[in-house]
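Thanks for coming. I will show one structure today and walk through a few places in it.

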Amino acid sequence: ISSSVAIGAIVFGLGLAHDGEVVSVFDSASDRFAGVAGYSFEASDFDNEAYADTDPVAVIRGGVMTVRVGETVSKGDPLLVVHTKISDTADIGRFMKTATAGKTALINGAEVIEGADAGGLAVVFIPEGALLTASA
């Protein structure tokens, strides 16, 4: 776990892009995947499970973590991050099992450990420094 400064509001459990010392919600296939926004009592908007702009963000770079999913996922499913909104549930920064061309990127080596329904929280494993493969 490391700490970086938030650019814009960031909800706990979303995928993050890294640019130097700052992080934002993952919103481009060309972004450098930083990890996942961890839960923290230090977040300015803790009641809404979010960091405000310029808050220090707990970035979980690898390991077992909880993420927000955009579709129902089950144990053993692959893990993709949404970089272009697909629907209200499958919005940027959320995670899915289904590739959508031009909208998701596979996190190589990542998988679901404990499933969840669409819009819920799933437990996943993401290797530290995981590389992404854009969905074609």
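Which side chain meets Glu 49 in a salt bridge? The partner is Arg 68, with 2.6 Å from N to O. Before going further, please note that this is a predicted model.

The pair with Arg 68 joins distant parts of the chain, as the two residues are 19 residues apart. Glu 49 sits in the loop between strand S5, residues 33-37, and strand S6, residues 50-51, while Arg 68 belongs to strand S8, residues 63-68. The two ends differ in exposure. Glu 49 has a relative accessible area of 32%, so it counts as partly exposed. Arg 68 is at 11% and therefore counts as buried. In general, side chains of opposite charge can pair when their charged atoms come close.

Glu 49 has another feature to look at. Its phi is near 55°, which is a positive value in a residue other than glycine. As a rule, most residues other than glycine have a negative phi. Thr 54 is a further case, with phi near 75°. Thr 54 lies in the loop between S6 and strand S7, residues 56-60. With a relative accessible area of 54%, Thr 54 is exposed.

Back to the charges. How many salt bridges does the structure hold? There are two. Besides the pair already shown, the side chains of Lys 85 and Asp 88 meet at 3.1 Å, N to O. Here Lys 85 is partly exposed, at 42% relative accessibility, and Asp 88 is exposed, at 67%.

Now an acidic residue without such a partner. Asp 77 is in the loop between S8 and S9. Asp 77 is buried but has no salt bridge. Which side chain of opposite charge is nearest to Asp 77? That is Lys 97, 4.0 Å away. Leaving aside residues up to four places away in sequence, Asp 77 touches Lys 97, Ala 110, Glu 111 and Val 112.

Next, the nonpolar interior. In soluble globular proteins, nonpolar side chains tend to be buried together. The largest nonpolar core in this model has 21 residues. Those with the most contacts inside this core are Leu 79, Phe 95, Ile 107, Val 124 and Ile 126. At least two residues each come from S5, S8, strand S9 (78-82), strand S11 (104-114) and strand S12 (121-126). Which strand gives the most? S11 does, with four residues. Another core, of 14 residues, lies apart from it, and includes Ile 10, Phe 12, Val 25 and Val 59.

I have picked three buried or strand positions to show what surrounds them. Let us take them in turn.

Val 67 lies in strand S8. Its relative accessible area is 0%, so Val 67 is buried. Not counting residues up to four places away in sequence, Val 67 touches Gly 13, Val 36, Phe 95, Gly 120, Leu 121, Ala 122 and Val 124. To give a sense of distance, the C-alpha atoms of Val 67 and Val 82 are separated by 12 Å, with their positions 15 residues apart along the chain.

Ala 37 is in strand S5. Is Ala 37 buried or exposed? At 1% relative accessibility, Ala 37 counts as buried. With residues up to four places away in sequence left out, Ala 37 touches Ile 10, Val 11, Phe 12, Gly 13, Leu 14, Leu 16, Tyr 51, Val 57 and Ala 58. Ala 6, 31 residues apart from Ala 37 along the chain, has its C-alpha atom 9.9 Å from that of Ala 37.

Ala 58, in turn, lies in strand S7. On the same sequence cut, Ala 58 touches Ile 1, Ser 2, Val 36, Ala 37, Gly 38 and Tyr 51. The C-alpha atoms of Ala 58 and Glu 21 are separated by 12 Å, and these two residues are 37 residues apart along the chain.

Last, the surface. Which residues form a nonpolar patch there? Val 64, Ile 113 and Phe 125 do, with about 240 Å² of accessible area together. Phe 125 lies in strand S12. Phe 125 counts as partly exposed, because its relative accessibility is 31%.

That is the end of the tour, and I am happy to go back to any of these places.

Methods. Residues are numbered from 1 along each chain as its sequence is written. This is a predicted model: local features need pLDDT of at least 70, side-chain atom pairs count only at pLDDT 80 or more; totals for chains, interfaces and linings use all residues. Side-chain values use heavy atoms; hydrogens and water are left out. Buried means under 20% relative accessible area, exposed over 50%, partly exposed in between (1.4 Å probe, protein chains only). A nonpolar core is a set of buried Ala, Val, Leu, Ile, Met, Phe, Trp, Tyr and Cys residues joined through side-chain atoms within 4.5 Å. Patches are made of residues with over 30% relative accessible area and no salt bridge: like charges are joined within 9 Å, nonpolar side chains (Val, Leu, Ile, Met, Phe, Trp, Tyr) within 5 Å. Accessible areas come from the Shrake-Rupley method with a 1.4 Å probe; for residues, only the protein chains shown count as cover. Lys and Arg count as positive and Asp and Glu as negative; His and the chain ends are not counted. Contact means heavy atoms within 4.5 Å.
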